[in-house]
Amino acid sequence: MQGIWTTEHLRAAEARLLAATPEGALMQRAAFGVAVQAADLLAEHTGHVVGRRVALLVGAGNNGGDALWAGSFLRRRGVAVTAVLLNPERTHAAGLAALRRSGGRVITPARASQLLESVDLVIDGIIGLSARGALRGDAAALVGHIGAPVLAVDLPSGVDPDTGAVTGPAITATRTVTFGARKPVHVLNPERCGEVVLIDIGLAPELGEPDLRRLDGVDIAAAWPVPGPHDNKYTQGVTGVAAGSATYPGAAVLATGAAVLATSGMVRYAGPAADVVRARWPEVIATGSVTDAGRVQAWVVGPGIGTGQEGRGVLRQVLEAGVPVCADADATTLMARFPEVLDAREPGTPLVLTPHAGEFARLTGHELGHDRVAAVREAARKYDAVVLLKGNTTLVAAPDGRVLVNVAQGSWLATAGSGDVLSGLIGALLAGGVDPWLAAGAAAGVHSLAADLAARGVPVSASGVLAAIPDALRHLRHPGFPRP
Ligand SMILES: NC(=O)C1=CN([C@@H]2O[C@H](COP(=O)(O)OP(=O)(O)OC[C@H]3O[C@@H](n4cnc5c(N)ncnc54)[C@H](OP(=O)(O)O)[C@@H]3O)[C@@H](O)[C@H]2O)[C@@H](O)CC1
Ligand SMILES: [K+]
């Protein structure tokens with residue numbers, strides 16, 4: 001599991017490490033990492049390092065110091081380095097002296113636009129952890145002139161370190177090199193960061209509990225229920241799916257199918273699409289209503305059930321059942337319209353809500369805003385539920401404040417029916433007894449991996465994502481096969 005720490009916690013950890021390290025040593029470690037990555041990008045994009053031209057955008061603090069020291073290291077590799085000082089009076093003195101000693105040039109922002117259009121690489125040392133808001137002044141004006149790949153120092157300047165929000169001019173990096181620990185921006189705004197490279201500066205022992213967590217493939221594989229020699233179809237959990245309608249049976253077919261493919265437990269379907277579900281998934285026991293469904297260990301409710309009285313009745317019945325519930329799509333809208341339906345839930349029964357941004361706003365009564373992590377944490381606490389907020393970066397918050405992030409490789413999941421597949425996966429894991437927070441996070445991981453495997457660079461339907469679930473699980477359990 002990868003940890004991610006907010007700037008507040010990093011500051012405290014860095015202060016402890018700084019106190020125990022010779023002056024300047026941390027910056028040297030950081031800057032050396034920047035220089036190595038810069039040389040790598042130069043070689044990748046131009047075929048050479050020696051003789052190439054690099055511009056440093058240098059702001060008022062230590063982020064600029066990192067860039068200047070990196071520039072001095074690049075000089076030793078025969079790179080022509082020019083620093084643009086955005087705040088000359090507050091430039092990192094030791095870094096500037098090092099760059100000058102090494103033969104680097106220094107220019108003012110007024111002369112920088114042409115340089116930025118012609119160099120082979122730009123190193124962004126404008127702002128790092130002390131960033132507040134979008135870029136201002138000369139930095140804001142120069143961003144539009146960048147014509148080369150950008151290596152961001154610590155984070156792309158102008159992007160909020162803790163929320164990933166962009167409210168004005170900001171850098172878009174090809175690669176971001178960060179130090180000691182990943183910051184929220186790296187997972188909340190991967191489009192702006194590009195590839196993120198983490199440099200070890202010895203911070204790990206000081207870090208403590210992370211603020212956000214990201215599941216690795218091995219974590220997902222370890223969490224996923226796998227039958228043992230003494231298991232049968234019941235011991236692995238029976239998933240109930242209350243979804244779809246006679247007019248719209250697709251949601252039922254997708255959610256039920258995902259539950260079928262997720263684990264080797266049994267799946268029951270309850271609803272008006274029973275015939276269609278039975279025809280597509282003969283292994284499913286399909287009945288017309290929740291009342292007739294028989295016992296299940298978890299319910300998936302919502303996709304395609306409608307937002308009227310009928311859907312409300314189904315949701316109430318499922319919440320009354322006293323087993324874990326994954327409530328998706330129409331179920332979220334029903335909870336927003338009829339909040340009293342939540343009273344049907346037995347206290348302490350796990351509930352997973354899976355809204356996208358629009359459903360989240362409907363449910364909570366306010367728009368998401370820039371701080372998605374704070375919003376999803378607050379909703380999880382308010383509803384005493386695991387809340388999975390869908391997006392390119394999916395967030396999963398538990399009522400106790402823990403947050404998981406899942407970063408999708410592409411945006412292929414933004415397609416009709418893909419949410420139905422996710423809810424089926426979560427339901428099957430809940431039925432298998434997986435902790436609801438981990439279940440939602442692991443399901444999100446498999447869901448996005450299935451999309452990558454199915455898409456391979458072209459659009460994919462929800463049915464395609466569904467069909468790729470076995471491949472995704474195989475890939476996680478036996479890494480390297482098949483490759484996306
Ligand atoms: N500590 C450590 O152990 C290590 C730290 N390291 C490095 O230090 C970095 C943190 O450095 P830092 O704290 O000196 O400030 P930094 O982020 O460079 O900002 C500089 C100034 O920019 C300004 N500013 C803010 N917002 C702005 C905006 N929107 N547009 C324009 N300007 C804006 C603001 O000044 P203001 O103008 O608001 O007075 C701020 O003071 C960290 O990211 C890493 O790279 C590494 O060397 C490893 C070891
Ligand atoms: K930066």
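**Two domains, one core, one ligand shell**

Me: In this predicted model, which residues of helix α13 (residues 330-337) are buried?
Reply: Buried here calls for 20 or more other C-beta atoms within 10 Å of a residue's own. In helix α13 (residues 330-337), the residues that meet this are Asp330, Ala331, Thr332, Leu334 and Met335.

Me: What covers the buried residues of α13?
Reply: Both strands and helices take part. The helices include α12 (309-320) and α14 (357-364). The strands include β13 (298-301), β14 (325-327) and β15 (351-353).

Me: Which domains is the protein divided into, and how many Å separate their centres?
Reply: The division gives domain 1 (2-210) and domain 2 (217-477). Taken over C-alpha atoms, their centres are separated by 41 Å.

Me: Where does the largest share of the side of domain 1 that touches domain 2 come from?
Reply: Six residues of domain 1 are in contact with seven residues of domain 2. On the domain 1 side, five are nonpolar, one is polar and none is charged. Three residues, the largest share of that side, come from helix α7 (residues 184-188).

Me: Where does the largest nonpolar core lie?
Reply: This core has 170 residues. Helix α17 (residues 436-455) gives the most to it, with 14 residues. Domain 1 (2-210) and domain 2 (217-477) both contribute residues, so the core lies between them.

Me: Which residues does alanine 38 touch?
Reply: Ala38 and Ile123 have the most contacts inside the largest nonpolar core. Leave out residues up to four places away in sequence. Alanine 38 then touches Val54, Ala70, Leu74, Leu121, Ile123 and Leu151.

Me: Which element gives the most to the shell around ligand 1?
Reply: Ligand 1 is surrounded by 27 residues, the closest being Gly61, Asn62, Asn63, Gly128 and Ser130. Elements giving two or more residues are α1 (7-19), α2 (25-46) and α3 (62-76). With four residues, the top contributor is α3.

Me: How many residues of the shell around ligand 1 are nonpolar?
Reply: The shell divides into three classes. Five residues are charged and eight are polar. The nonpolar ones number 14.

Me: What are the helix and strand percentages over residues 216-476?
Reply: UniProt, in an unreviewed entry, lists residues 216-476 as "domain: YjeF C-terminal". Over that stretch the end C-alpha atoms are 9 Å apart. The chain there is 44% helix and 14% strand.

How values were computed:
Residues numbered from 1 in each chain as written. Chains lettered and ligands numbered in written order. Predicted model: local features only at pLDDT ≥ 70, side-chain atom pairs only at ≥ 80, totals over all residues. UniProt positions renumbered as here; feature names shortened; annotations may be inferred. Near = placed C-beta within 6 Å. Nonpolar A, V, L, I, M, F, W, Y, C, P; charged D, E, K, R; others polar. Core = buried A, V, L, I, M, F, W, Y, C linked by C-beta atoms within 7 Å. Buried ≥ 20, exposed ≤ 12 C-beta atoms within 10 Å, placed from the backbone. Domains from an automatic or database assignment. Contact = placed C-beta atoms within 7 Å.
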